[in-house]
Amino acid sequence: MLPRALQHHALPRTRGAGLAPVGVIETPRLLLRPARAEDLGDIHKVFSDPQAMRYWDRPPYEDITVTAKLLSGLMNQDPETSFDLVVELDGVCIGKAGMWRTPEIGYILHPDHWGKGLAFEALSAFLPRAFERFDRELVFKAECDPRNLASGALLRKLGFRRTRQEKANFGYGDVEWCDTDYYEFIRPELRIC
C-alpha cells in the first residue's frame, strides 16, 4: 500500500493560495525549500559528518569550500532536470532531499535527526510534487548501499521496489568498493492494484 500522501497524488499544505511559494513544500514538521547562501554552515554540518556520509557517494567533506560548491550547485540547479531542496526543521537546515537529476532522487539528514520519521515525511511530500513537476517521468529511481538498512527500509516504505543489486561497482573514495541496490518507484496512477 502507498503512503497516504502518495495515494491521492497531492498533499494538503503543499499547494494552494497562501500556503507556500512555488518550489516550497510544507509538512507538519518540515519546510522543504530552495537552498540559500546562508545555509552553508548548516549544510556543512551534514556533509562533514562521518556518520551522515558513510553511505553517500564520497567521504565527508573536510573543507567547507567543497560544501560551498555543492551548495552553489543546489542554488543554481537546472529546473528542467533538478528539483533538490534543503530540509528545514525549526528554522535550521538539517539536510536535503529531492531530485538532483531526473529521474533519480536522493536525501541526506544530519544523524541528530535520524529515527524520527523526518526523511519519510519529507519524501512523502516531495514525490507527488516531483511527479507534477516532471510529468514526463513515469518512474523515479534511487540507489542505496545494501548495508544502509535504514535507507533501504525507507525506500520500501515509500513504495520503491528493489530491482537489482550490483556487487563492488562503486568506489567510496580510495577506501573500498561497495555494492549498490537499485530501486524504482512507478508513478502512482500507473500502478495496478
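This passage describes two helix pairs, the largest pocket and two backbone features of a predicted model.

The packing of helix H2 (residues 40–47) against helix H4 (residues 64–75) was examined. The axes of H2 and H4 come within 9 Å and cross at roughly 110°. Angles of 65 to 115 degrees count as roughly perpendicular, and H2 is therefore roughly perpendicular to H4. The crossing of these two helices is right-handed. On the side of H2, the contact is formed by Leu-40, Ile-43, His-44 and Phe-47; H4 contributes Ile-64, Thr-67, Ala-68, Leu-70 and Leu-71. By residue class, the contact of H2 with H4 comprises 7 nonpolar and 2 polar residues, with no charged residue.

A second helix pair consists of H5 (residues 118–133) and H6 (residues 149–158), whose axes lie 11 Å apart at an angle of about 40°. An angle under 35 degrees would count as roughly parallel, whereas one of 65 to 115 degrees would count as roughly perpendicular. H5 and H6 are therefore oblique to each other. The crossing of H5 and H6 is right-handed. Helix H5 takes part in the contact through Ala-119, Phe-120, Leu-123, Ser-124 and Leu-127, and helix H6 through Leu-154, Lys-157 and Leu-158. The residues of this contact divide into 6 nonpolar, 1 polar and 1 charged.

The open space of the model was considered next. Empty space left between atoms is revealed by rolling over them a probe the size of a water molecule. The largest pocket holds about 1300 Å³ of space, and its lining consists of 43 residues. Nearest to the centre of this pocket lie Tyr-55, Trp-56, Tyr-107, Ile-108 and Ser-151. Strand E5 (residues 104–109) supplies the largest share of the lining, namely 6 residues. In terms of residue class, the lining contains 23 nonpolar, 8 polar and 12 charged residues.

Two features of the backbone were also noted, each in a loop between strands. The peptide bond that leads from Thr-102 to Pro-103 is cis, and its omega angle is near 0°. Pro-103 belongs to the loop between strand E4 (92–101) and strand E5. The other feature concerns Asp-90, a residue of the loop that lies between strand E3 (83–89) and strand E4. Phi of Asp-90 is near 50°, which is a positive value in a residue other than glycine.

Technical notes:
Residues are numbered from 1 along each chain as its sequence is written. This is a predicted model: local features need pLDDT of at least 70, side-chain atom pairs count only at pLDDT 80 or more; totals for chains, interfaces and linings use all residues. Side-chain values use heavy atoms; hydrogens and water are left out. Axes are lines fitted to C-alpha atoms, for helices over the stretch in contact, and angles run from 0 to 180 degrees between N-to-C directions. Helices (H or I, at least four residues) and strands (E, at least two) are DSSP runs, numbered from the N terminus. Angles under 35 degrees count as roughly parallel, over 145 as roughly antiparallel, 65 to 115 as roughly perpendicular and the rest as oblique. A crossing is left-handed if the near helix is turned anticlockwise from the far one by less than a right angle, and right-handed if clockwise. Contact means heavy atoms within 4.5 Å. Ala, Val, Leu, Ile, Met, Phe, Trp, Tyr, Cys and Pro count as nonpolar, Asp, Glu, Lys and Arg as charged, and the others, Gly among them, as polar. On a 1 Å grid over the protein atoms alone, a cavity is a set of points where a 1.4 Å probe fits but cannot get out, and a pocket is an open set with protein on both sides within 12 Å along at least five of seven lines; lining residues have an atom within 4 Å of a point. Grid points are joined across faces, edges and corners, and a volume is the space filled by probe spheres set on the points.
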